[in-house]
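Biologist: I have this model open beside me and would like to go through the reasoning behind its labels. Could you take me through them?

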Amino acid sequence: MIRLAVMASDPRKYLPLDKSDVINTRALLALGYPALAPYLRELLEWLQDGNWPISRPIGKFLLTIPQAVAPFIQEVLEGDDHPWKYWCIVRLIGEMTPAVAEQYRIELFRLAVCPTLAEAQNELNEVAKDALQKLWPCEYHFRSTPLLNNHEADG
């Protein structure tokens, strides 16, 4: 009980020191929301590489407060850090309920059908397609091969 009181008084002490700081991450996440509200952007930064040991538990925590973290996810989607976008789609957006993920649907669709070269090289188009099909399975069906136009089919 004393440890919890100390933790609640200063969550900054438990911010992860590095990508493998599972102990501090567990202690920090135990504080829950809203105690961690001031640190949501910092926590989201640990999703920059989904292979880091603390990425998965932080992602699971952030999924419990999707509306609170939404502005920060939107910042990532508007930025140029493609691996971070990838992991936000895989770990967060693709795991949300359709109602919550609706706010990202237009950007997911753009990534799926009209990615930039850099976005395609980072497979954002593929994870966006996967997320769209998972969230709205009756609405999105993507072919893996290009369609032939009418002239090629006739020839």
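**Reasoning from value to label**

Modeller: Gladly! Let me start with Cys88, which is buried, with a relative accessible area of 0%. Keep in mind that this is a predicted model.

Biologist: What makes Cys88 count as buried?

Modeller: The label buried needs a relative accessible area under 20%. Cys88 has 0%, so the buried label applies.

Biologist: And Cys114, is that buried or exposed?

Modeller: Exposed: the cut-off for that label is over 50%, and Cys114 is at 52%, so Cys114 passes it.

Biologist: How many disulfides does the model have?

Modeller: Zero. A disulfide would call for a pair of cysteine sulfur atoms within 2.5 Å, and the count by that rule is zero.

Biologist: Let's turn to Gly59. Where is Gly59 found, and why is Gly59 called buried or exposed?

Modeller: Gly59 lies in helix α4, residues 55-63. Its relative accessibility is 1%, so Gly59 counts as buried, given that the limit is under 20%.

Biologist: Which residues is Gly59 in contact with, leaving aside neighbours within four places in sequence?

Modeller: Those are Leu47 and Leu92; contact here means heavy atoms within 4.5 Å. There is also a C-alpha separation to mention: Gly59 and Trp87 are 28 residues apart along the chain, and their C-alpha atoms are separated by 9.3 Å.

Biologist: Now the helix pair α8 and α10. Why are α8 and α10 called oblique to each other?

Modeller: Helix α8 (residues 105-113) and helix α10 (residues 124-135) pack at an angle of about 130°, their axes 7 Å apart. Roughly perpendicular covers 65 to 115 degrees and roughly antiparallel begins over 145. An angle of about 130° fits neither range, nor the roughly parallel one under 35 degrees, and α8 and α10 are therefore oblique.

Biologist: Which residues make the contact?

Modeller: From α8 there are Arg105, Leu108, Phe109, Leu111 and Ala112, and from α10 Leu124, Asn125, Ala128, Lys129, Ala131, Leu132 and Leu135. They divide into nine nonpolar, one polar and two charged. As for handedness, α8 passes α10 in a left-handed crossing.

Biologist: Finally, what does the secondary structure of the protein chain come to?

Modeller: There are 11 helices and zero strands, so read along the sequence the pattern is α-α-α-α-α-α-α-α-α-α-α. Buried residues make up 41% of the 155 residues. Among contacts with a separation of 6 or more, 59% join residues 24 or more positions apart.

Terms used:
Residues numbered from 1 in each chain as written. Predicted model: local features only at pLDDT ≥ 70, side-chain atom pairs only at ≥ 80, totals over all residues. Heavy atoms only, no water. Axes fitted to C-alpha atoms, helices over the stretch in contact; angles between N-to-C directions. Helix = DSSP H or I, 4+ residues; strand = E, 2+ residues; numbered from the N terminus. Left-handed = near helix turned anticlockwise from the far one by under 90°. Nonpolar A, V, L, I, M, F, W, Y, C, P; charged D, E, K, R; others polar. Buried < 20%, exposed > 50% of the residue type's maximum accessible area, 1.4 Å probe, protein only.
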